[in-house]
Amino acid sequence: MRLSYLATYPIKSCYRVEAKSAEVEPWGLAGDRRWIVVDEAAKLITQRDWPPLGRVRPRYNDFGLVLEAEGAEPLAVPYPSAETSDIKHFHMWIAATSAGDVANRWVSQVIGRPARLFHLDDPTRRVVDPEYGTPEDRVSFADGYPLLLANEASLRAVNDWLAEDGDEPVAMTRFRPNVVVSGAPAWAEDDWIGRRVVIGEVSFRVPKACERCVLTTIDPETGEKGRQPLRVLAKHRRFPSGLLFAVNLIPDMRGKIAIGDEITVV
């Protein structure tokens, strides 16, 4: 088995950045979900409720981010250094730093509603919910776990089911994985839960499978919302914990991973 795909999501619920290699930190891949968009009440905005967030296409530079969107001038956003304030990430309040008025206006105009952009400079400020790990575990602005791993063969199985139902195939990007494995049988990842996956020389725990939400029904390229793949997952991948596709990962160590790395399960 090999690592065939790598991506990070600099701003939670916005567009991805694909890469050939990435540094692994205790809270996930370097730069992944370290920024967040909130509303006027400092509450998280996601594509689940506001699909236009997907219009924001961030990319890294040496000083922070560059924000891009169709029809808008690119905006360089340096890492902010102001005092922190609390923002609400689902049910949890986390101290983060505002990107400033210029960035806030840019994001608001692009997504079509008042919004503010914040940066999490220190992920250790976020206390991990016991449901998602131990007190030693860390995560940035991801939902609950540092990384998501998906299996190419499992996506092919989903697309076979979609074809049987007369629907169009979906891309792996619908599921927003950080890492994708090739060379494994479909649904092999189900048997990895409770074990460890080693990518290159970096070891990860596999705590659970990932329950999928309405975000998978939004095409990340167009922003259009449909009924798939949740409908087909409901037919074939319904479990007591939800509609399952892909598995979560927790790093055991720091290191570097790259496309082509061998993947083993221990």
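In the predicted model, Y79 is partly exposed, with a relative accessible area of 44%, a value that falls between the 20% limit for burial and the 50% limit for exposure. W35, by contrast, counts as buried at 2% relative accessibility. These two residues form an aromatic pair of the stacked kind, with 6.1 Å centre to centre and 25° between the planes. The pair links distant parts of the chain, since W35 belongs to strand β5 whereas Y79 lies in the loop between β8 (72-78) and β9, 44 residues apart.

The count of aromatic pairs comes to four. Another of them is formed by W187 and F245, which meet edge-to-face at 5.9 Å centre to centre and with 90° between the planes. W187 is located in the loop between β13 (179-182) and β14, and F245 in strand β18 (residues 242-251), so this pair ties together parts that are 58 residues apart in sequence. Both W187 and F245 are buried, and together with W161 and F175 they form one aromatic cluster. The ring of W187 also has a charged neighbour, as the charged end of R237 sits over that ring at 3.9 Å from its centre. A similar arrangement is found for R57, whose charged end sits over the ring of Y15, 3.8 Å from the centre of that ring.

Strand β5, which carries W35, is part of an open sheet of four strands in the order β5-β11-β10-β9, with antiparallel pairing. Because β5 (35-38) and β9 (84-89) stand at the edges and each has a single partner strand, one side of each is left without a neighbour in the sheet. From one strand to the next the twist averages 55°. Within this sheet, strand β10 (residues 92-98) and strand β11 (residues 116-119) run antiparallel and are joined by two bridges, with S98 standing opposite F118 in β11. Helix α1 (residues 101-111) packs on the sheet, where it touches β5, β10 and β11, and its direction makes about 125° with that of β11.

A further set of antiparallel pairings involves strand β14 (residues 196-199), which is joined to strand β15 (residues 202-205) by four bridges; here R196 stands opposite R205 in β15. The two strands form a hairpin with two residues between them, and G200 in the turn has a positive phi of about 65°. β14 also pairs in the antiparallel sense with strand β20 (residues 263-265), over three bridges, and the bridge partner of V198 in β20 is T264.

Both strands of this hairpin are among the elements that give two or more residues to the largest nonpolar core, which has 23 residues and in which L149, V179, W192, I199 and I257 have the most contacts. The other elements that contribute two or more residues are β1 (2-8), β3 (21-25), β12 (147-151), β13 and β18, and β18 gives the most, with three residues. The surroundings of I257 illustrate how this core draws on separate parts of the chain: when residues up to four places away in sequence are not counted, I257 touches L3, L6, S21, A22, V24, L29, V179, I199 and V202. A second, separate core comprises 22 residues, including Y9, V158, L162 and A246.

Methods: Residues are numbered from 1 along each chain as its sequence is written. This is a predicted model: local features need pLDDT of at least 70, side-chain atom pairs count only at pLDDT 80 or more; totals for chains, interfaces and linings use all residues. Side-chain values use heavy atoms; hydrogens and water are left out. Two strands pair if DSSP finds at least two bridges between them. Axes are lines fitted to C-alpha atoms, for helices over the stretch in contact, and angles run from 0 to 180 degrees between N-to-C directions. Contact means heavy atoms within 4.5 Å. Rings of Phe, Tyr and Trp (its six-membered ring) pair if their centres lie within 6.5 Å; planes under 30 degrees apart count as stacked, over 60 as edge-to-face and the rest as tilted. Buried means under 20% relative accessible area, exposed over 50%, partly exposed in between (1.4 Å probe, protein chains only). A charge sits over a ring if NZ of Lys or CZ of Arg is within 6 Å of the ring centre and within 35 degrees of the ring normal. A nonpolar core is a set of buried Ala, Val, Leu, Ile, Met, Phe, Trp, Tyr and Cys residues joined through side-chain atoms within 4.5 Å.
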